[in-house]
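This report concerns the helices of a single protein model and the environment of selected residues. The sequence and structure are shown first.

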Amino acid sequence: MATPLAVALGALIGLLLGLLGGGGSILAVPALVYAMGFGVEQAIPVSLIVVTAASAVGVLPKIRSRQVRWRMAGIFAVAGIPATVAGSAISAHLPQSVLMLGFAAVMVVAGGRMLTNQGPTGTACEIRAGQVNWRRCAPRSIGAGLLVGLLTGLFGVGGGFLIIPMLVVRLGVEMSTAIGTSLLIVTANSVAGIFSHLHAINTEGQVVIAFVAAAMATSLVAGYFGTRTNTARLQRWFAYLVLVVAAYMLLDTFILN
């Protein structure tokens with residue numbers, strides 16, 4: 001039963017990552033804890049493995065379509081990787097209840113962001129004559145990269161649910177390019193998170209392999225279709241799902257335990 005369930009959950013997370021450039025990873029830890037029976041200390045590194053693999057293959061169609069801003073992804077990664085290592089160190093000293101409560105709070109913020117009408121895109125990275133205004137763009141990218149990296153290390157999330165709004169709304173990147181850039185950033189941060197959490201990986205290899213393989217397959221397929229798909233409605237329904245899961249986590253932390 002565990003392996004088929006791992007395949008189904010991995011496929012869902014890979015699908016969301018491939019289509020939305022993020023968000024699917026925020027369900028990985030709750031899925032591993034509540035559906036698969038993992039402890040949160042084990043769920044975080046396994047989640048990072050899944051997110052890394054799914055994002056790495058999901059970004060390939062975006063690279064082929066030239067829908068990735070490499071320099072911007074590099075800035076995010078340079079800022080985010082040290083923050084991921086720091087977040088991992090902090091996570092190792094926090095009790096499970098605190099981690100789950102913090103994770104639920106992050107999910108509430110993420111769901112709210114997905115439902116909020118963001119309005120017009122920003123202009124910090126506005127392109128003129130084929131050039132990006134890096135004087136305005138770089139400082140905001142560094143700040144966003146630090147925040148995303150910290151959350152990646154703490155909770156095992158890729159951070160795409162924050163990267164996408166930051167790229168589109170704050171920095172003025174087109175949605176299609178933001179998705180590809182986000183997947184590249186998520187991959188880099190998650191790799192750093194895996195190495196920081198290696199000591200906690202102690203679970204069934206077959207289940208993890210099934211989870212990862214399913215996520216990679218659906219992420220790759222979704223990445224191709226995502227270049228032609230209007231994801232606004234999907235993102236709205238996904239936000240509702242995130243809020244429902246967050247509500248259950250809060251209920252479980254404060255009432256059921």
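The following paragraphs treat the annotated spans, several helices and a surface patch.

The model is a predicted one. According to the UniProt record, an unreviewed entry, the annotation "transmembrane region" covers residues 44-61, 73-92, 98-116, 144-169, 175-195, 207-225 and 237-256. Two of these annotated spans are set out below with values computed from the model.

| Span | Distance between end C-alpha atoms | Helix | Strand |
|---|---|---|---|
| Residues 44-61 | 27 Å | 100% | 0% |
| Residues 73-92 | 27 Å | 95% | 0% |

**Helix 4**

Helix 4 comprises residues 70-91. Its 22 residues should span 32 Å at 1.5 Å a residue, and the 30 Å between its end C-alpha atoms agrees with this value. The helix nevertheless carries a kink of about 30 degrees at Gly80, shortly before the proline Pro82. Gly80 itself is buried, as are Met72, Ala73, Ile75, Phe76, Ala77, Ala79, Ala83, Thr84, Gly87, Ser88 and Ser91 of this helix. As background to such lists, an α-helix has 3.6 residues a turn, so residues three or four places apart point the same way.

**Helix 6**

Helix 6, residues 134-155, also has 22 residues, and the distance from its first C-alpha to its last is 30 Å, close to the 32 Å expected at 1.5 Å a residue. Its buried residues include the glycines Gly145, Gly149 and Gly153. Also buried in helix 6 are Cys137, Ala138, Ser141, Ala144, Val148, Leu151, Thr152, Leu154 and Phe155. Just after the helix, Gly156 adopts a positive phi of about 75 degrees.

**Helix 1 and Ile13**

Ile13 is located in helix 1, which runs over residues 2-20. With a relative accessible area of 2%, Ile13 falls under the 20% limit and is therefore buried. Ile13 and Ile26 are separated by 13 residues in sequence, and their C-alpha atoms lie 8.7 Å apart in space.

**Helix 10 and the nonpolar surface patch**

Which residues form the nonpolar patch on the surface? The patch consists of Tyr34, Leu101, Tyr248, Leu251, Phe254 and Ile255, which together have about 580 Å² of accessible area. The most is contributed by helix 10 (residues 232-256), with four residues. Ile255 lies in helix 10. Its relative accessible area of 60% is over the 50% limit, and Ile255 is therefore classed as exposed.

Key. Residues numbered from 1 in each chain as written. Predicted model: local features only at pLDDT ≥ 70, side-chain atom pairs only at ≥ 80, totals over all residues. Heavy atoms only, no water. Patch = residues over 30% accessible without salt bridge, like charges linked within 9 Å, V, L, I, M, F, W, Y side chains within 5 Å. Areas by Shrake-Rupley, 256 points an atom, 1.4 Å probe, with all protein chains shown as cover. Salt bridge = Lys/Arg side-chain N within 4 Å of Asp/Glu carboxyl O. Helix = DSSP H or I, 4+ residues; strand = E, 2+ residues; numbered from the N terminus. Buried < 20%, exposed > 50% of the residue type's maximum accessible area, 1.4 Å probe, protein only. Expected span 1.5 Å × (residues − 1). Bend = angle between axes of the 7 residues up to and from the residue. UniProt positions renumbered as here; feature names shortened; annotations may be inferred.
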